[in-house]
Amino acid sequence: MRRNVIETVLGAVVLVVAGFFLFFAYTSSSVRAVGGYKLEARFSSTGGLSAGSDVRISGVKVGTVTSQFLDKQTFQAVVQMEIDRNIQLPRDTSAVIASESLLGGRYLQLDPGGEEEKLKEGDLIEYTQSAVNLEDLLGRFMFNSGGSGSKAGSGGNAETPPAAANQGAPAPAPGGLLGGK
């Protein structure tokens, strides 16, 4: 009987400590949704951006992506976001879909402009840049790197023969590169 009481009290202490850590983690992080005004931006590709992704200015979270959908007339992705009411963005603000890291998720980076007029509820951010597709960039690099040294119209291999590459270069000093005897 005494052992059951100790186990019950110890279990309750563990649950209280776990609840304290959850409360602390929630209040100290920026996981909470930001309440504010809604804006839209149009992109040719969202590249993994999803509802709930951060909206940041200079790396600081100022909003949240609330939804995205396809415009059936223009076939562009429309991203809807909610921005903190304390942040008043100029009309010439630009939006870029950026990566957190090479393997990480995406977020929406806002770069405020210098115009006096501010964006209002429901406005469209006109200046946008879609996500960069890392796989496409790697594919272009891998398959286009071999053709950079060829000459147009030469009809042959444009590489310098190994014997000609060393002409005019000084001969190595006796004893090797380190100057030993």
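Does R106 count as buried or exposed, and at what relative accessibility? In the predicted model examined here, R106 has a relative accessibility of 18% and therefore counts as buried, since the limit for a buried residue is under 20% relative accessible area. The setting of this residue is described below, after an outline of the fold.

The protein contains three helices and eight strands. Read from the N terminus, its elements follow the order α-β-β-β-β-β-β-β-β-α-α. An open sheet of eight strands is formed, with mixed pairing and the strand order β7-β1-β4-β3-β2-β6-β5-β8. The edges of this sheet are occupied by β7 (124-125) and β8 (127-129), each of which pairs on one side only. Of the contacts between residues at least 6 apart in sequence, 63% connect residues at least 24 apart.

Within the sheet, strands β5 (residues 94-99) and β6 (residues 106-111) run antiparallel and are joined by six bridges. In this pairing, A95 is placed opposite L110 of β6.

R106 belongs to strand β6. Two polar contacts can be described for its side chain. In one, a polar atom of the R106 side chain lies 2.8 Å from the backbone oxygen of G47. In another, the side chains of R106 and S99 are joined at 2.9 Å. When residues up to four places away in sequence are left aside, R106 touches G47, G48, L49, S53, I97, A98, S99, A131 and V132. G47 and S99 thus appear both among the residues touched by R106 and as partners in its polar contacts.

Turning to the surface, the accessible area of the protein amounts to about 13,100 Å², with 59% belonging to carbon and sulfur atoms. Buried residues account for 23% of the 181 residues. A nonpolar surface patch of about 1,100 Å² is built from L102, L103, V132, L134, L137, L138, F141, M142 and F143. V132, one of the residues touched by R106, is also a member of this patch.

Another member of the patch, F141, is located in helix α2 (residues 134-144). Its relative accessible area is 59%, so F141 is classed as exposed, the limit for that class being over 50%. R106 in strand β6 and F141 in helix α2 therefore fall into opposite classes, the former being buried at 18% and the latter exposed at 59%.

Conventions: Residues numbered from 1 in each chain as written. Predicted model: local features only at pLDDT ≥ 70, side-chain atom pairs only at ≥ 80, totals over all residues. Heavy atoms only, no water. Pairing = 2+ DSSP bridges. Helix = DSSP H or I, 4+ residues; strand = E, 2+ residues; numbered from the N terminus. Buried < 20%, exposed > 50% of the residue type's maximum accessible area, 1.4 Å probe, protein only. Polar contact = N/O pair within 3.5 Å; in protein donor to acceptor, adjacent residues only side chain to side chain. Contact = heavy atoms within 4.5 Å. Patch = residues over 30% accessible without salt bridge, like charges linked within 9 Å, V, L, I, M, F, W, Y side chains within 5 Å. Areas by Shrake-Rupley, 256 points an atom, 1.4 Å probe, with all protein chains shown as cover. Salt bridge = Lys/Arg side-chain N within 4 Å of Asp/Glu carboxyl O.
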